[in-house]
Amino acid sequence: MFTSDKRLFIAAAENPVTLEADGRELCLEARMANRHGLITGATGTGKTISLQTMAESFSAMGVPVLLTDIKGDLSAVCRPGTPGGSIADRIRDLGLREKGYENRGYPVCFWDVTGEAGTPLRATVSDMGPALLCRLLELNDVQSGILHIVFRIADENGLLLLDFKDLRAMAAHVAENRAAYAADYGHISPASIGAIQRALLRLEEEGAGVFFGEPALNIEDLLRTDLSGRGYLNIIAADKLMQKPRLYAAVLLWLLSELYERLPETGDAEKPRLVLMFDEAHLLFDDMPDVLLQKVEQVVRLIRSRGVGVYFITQNPADLPDAVLAQLGNRVQHALRAFTPREQKAVRAAAETFRRNPALDTEEVISQLCTGEALVSFLDEHGAPAMVERALILPPEGGIGPISPEERRDIIDRSPMQRLYGTVLDRESACEKLAAQARKLREEEEEAEETRRTKRTEPDMWGELLGSATRQAGRTIGNAVGREVGRAILRGLMGSLFGGRR
């Protein structure tokens, strides 16, 4: 839901200090939506509802959204909601029906890195590139240099690096032929190439084998709207992905980098081209290598110029690095519980991130908020943070919670994205070409060995014939000579016996 002047109506202030519209509307300026944002709060305080309400508002404005669904709670947005209980009371108390609120489903496209709960989400190894892979694999400078050599050799020899087996085959090929490549590319340390192969194995065990491949996602397919002009909600099933933090970080980093590189500069546009919303964001930053964290910070800082807004959803602002937190201008803070000194310190730190409101004790209110309530501060039309307000978050228009596996499967099968990306494409690339070269080399070696063996064992035909003739001639001559000698001796004996003539 949004107002005609392109502001997203997200919450209603309970005790407004500054009067806008009817005095209660807290709106997110569409022009400021690409300045990024943060939704925080303890478990069960309404973060997912806030996420869904904002996503629906962006969609209604014609802005596509890409969001991660950690628990499967967002899939019902595809069908109209059926509000009851406290939600129905809030709709009535805030007069939302008169403001244009209606229960309706939103256009969705389900994605899944594994391909089980959505259309497969893939990238090629070449798309990721050696620079990002070096950060992802936590390689040192020497190992990073060798990985760049691997990519260079592949490029110069026309060996496409598409899926993960291509990369592993190429690394093995360079390891086996490092002496031959040393003259052109420098020394390739066996220890370093071994470290790269072990790092690739670890990444593959986390599921990189299904993420890298073809057909790779075309970023433009995330920017779709339906026939009525509403932006698609691209929902990534992340219930299994969140258990593999390195792969989750790879997907996030690739998406951010790909959007930054592919989308043109937009300047200060009237609304974002795309909004990314990452639930359970602390999973992205827990144990993230420093070099990878620096890359995320850099991309988050620069990507807004491409018309992309990034929103993180987590339990506590302290879950995010300070450099990332400083880029998040639009804030929704749900309740935090403070029973221990450490928790009280976290509440105090969260309160200090807001622009002070003299009518509110922000630190005290954070612990008093009920489910569906939040402290809200959005950037105004000049880019300055508004004073924090205690507010009621508007209920979403779509359904709340998960849909059945059968309903999800039906939506996936009817999606044009499934026809584009549903079937794995395994064309001839580095792995197949290297395997073919290895087979050809083995065949040539076997043929050469057979030739050598044949030359060693094959009889010399002419020599054999000459030897046979010589032996036969010798026997013939010997026999003739023997016969003549025998006859001469016989004649001598007979002459002596019978007194033959002299």
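**Figure 1. The largest pocket of the predicted model.** The largest pocket encloses a volume of about 440 Å³. Its lining is made up of 24 residues, and those nearest the centre of the pocket are Thr45, Gly46, Lys47, Ile49 and Thr371. By class, the lining of the largest pocket holds 13 polar, six nonpolar and five charged residues. Two helices, α1 (47–60) and α2 (85–93), each supply at least two residues of this lining. The most comes from α1, which gives five residues.

**Figure 2. Helix α1 and the residue that follows.** Helix α1 has 14 residues and reaches 20 Å from its first C-alpha to its last, close to the 20 Å expected at 1.5 Å a residue. Twelve of these 14 residues are buried, so α1 is largely enclosed by the rest of the structure. Among the buried residues of α1 are Lys47, Glu56, Phe58 and Ala60. Lys47 is also one of the residues nearest the centre of the largest pocket. Just after α1, glycine 62 takes a positive phi of about 95°.

**Figure 3. The second largest pocket.** The space in the second largest pocket comes to about 370 Å³. The residues that line this pocket are Ala42, Gln315, Asn316, Ala318, Asp319, Leu336, Arg337, Arg342, Glu343, Lys345, Ala346 and Val347. Five of the lining residues are nonpolar, five are charged and two are polar.

**Figure 4. The largest cavity.** Three cavities of 30 Å³ or more are present in the structure. The largest cavity holds about 60 Å³ of space. Lining the largest cavity are Asp112, Val113, Thr114, Ala237, Lys240, Leu241, Lys244 and Leu247. This lining divides into four nonpolar, three charged and one polar residue.

**Figure 5. An aromatic pair between helices α7 and α8.** The count of aromatic pairs in the model is seven. In one of them, phenylalanine 211 and tryptophan 254 meet edge-to-face, with 5.8 Å from centre to centre and 80° between the planes. This pair links distant parts of the chain, as phenylalanine 211 belongs to helix α7 (residues 190–211) and tryptophan 254 to helix α8 (residues 245–262), 43 residues apart. Both phenylalanine 211 and tryptophan 254 are buried. Ring pairs join Phe211 and Trp254 with Phe164 and Phe212 into a cluster.

**Figure 6. Two arginines over tyrosine rings.** The charged end of arginine 224 sits over the ring of tyrosine 232, at 4.1 Å from the ring centre. For arginine 230, the charged end sits over the ring of tyrosine 106, and the distance to the ring centre is 5.1 Å.

**Figure 7. A cis peptide bond in the loop after α7.** Most peptide bonds are trans. The bond between glutamate 214 and proline 215 is cis, with omega at about -5°. Proline 215 is placed in the loop between α7 and β8 (233–237).

**Figure 8. Two glutamates with positive phi.** Most residues other than glycine have a negative phi. Glutamate 138 has a positive phi of about 60°. The loop that holds glutamate 138 runs between α3 (125–137) and α4 (141–156). Glutamate 138 counts as partly exposed because its relative accessibility is 43%, which lies between the 20% and 50% limits. Glutamate 280 also has a positive phi, near 50°. Its loop lies between β9 (274–278) and α9 (282–285). Glutamate 280 has 14% relative accessibility and therefore counts as buried, the limit being under 20%.

**Figure 9. Serine 404 and serine 75.** Serine 404 is found in the loop between β13 (389–393) and α14 (405–414). With a relative accessible area of 31%, serine 404 is partly exposed. In sequence, serine 404 and serine 75 are 329 residues apart. In space, the C-alpha to C-alpha distance between serine 404 and serine 75 is 9.1 Å.

Definitions and conventions. Residues are numbered from 1 along each chain as its sequence is written. This is a predicted model: local features need pLDDT of at least 70, side-chain atom pairs count only at pLDDT 80 or more; totals for chains, interfaces and linings use all residues. Side-chain values use heavy atoms; hydrogens and water are left out. On a 1 Å grid over the protein atoms alone, a cavity is a set of points where a 1.4 Å probe fits but cannot get out, and a pocket is an open set with protein on both sides within 12 Å along at least five of seven lines; lining residues have an atom within 4 Å of a point. Grid points are joined across faces, edges and corners, and a volume is the space filled by probe spheres set on the points. Helices (H or I, at least four residues) and strands (E, at least two) are DSSP runs, numbered from the N terminus. Ala, Val, Leu, Ile, Met, Phe, Trp, Tyr, Cys and Pro count as nonpolar, Asp, Glu, Lys and Arg as charged, and the others, Gly among them, as polar. Rings of Phe, Tyr and Trp (its six-membered ring) pair if their centres lie within 6.5 Å; planes under 30 degrees apart count as stacked, over 60 as edge-to-face and the rest as tilted. Buried means under 20% relative accessible area, exposed over 50%, partly exposed in between (1.4 Å probe, protein chains only). A charge sits over a ring if NZ of Lys or CZ of Arg is within 6 Å of the ring centre and within 35 degrees of the ring normal. The expected span of a helix is 1.5 Å times one less than its number of residues.
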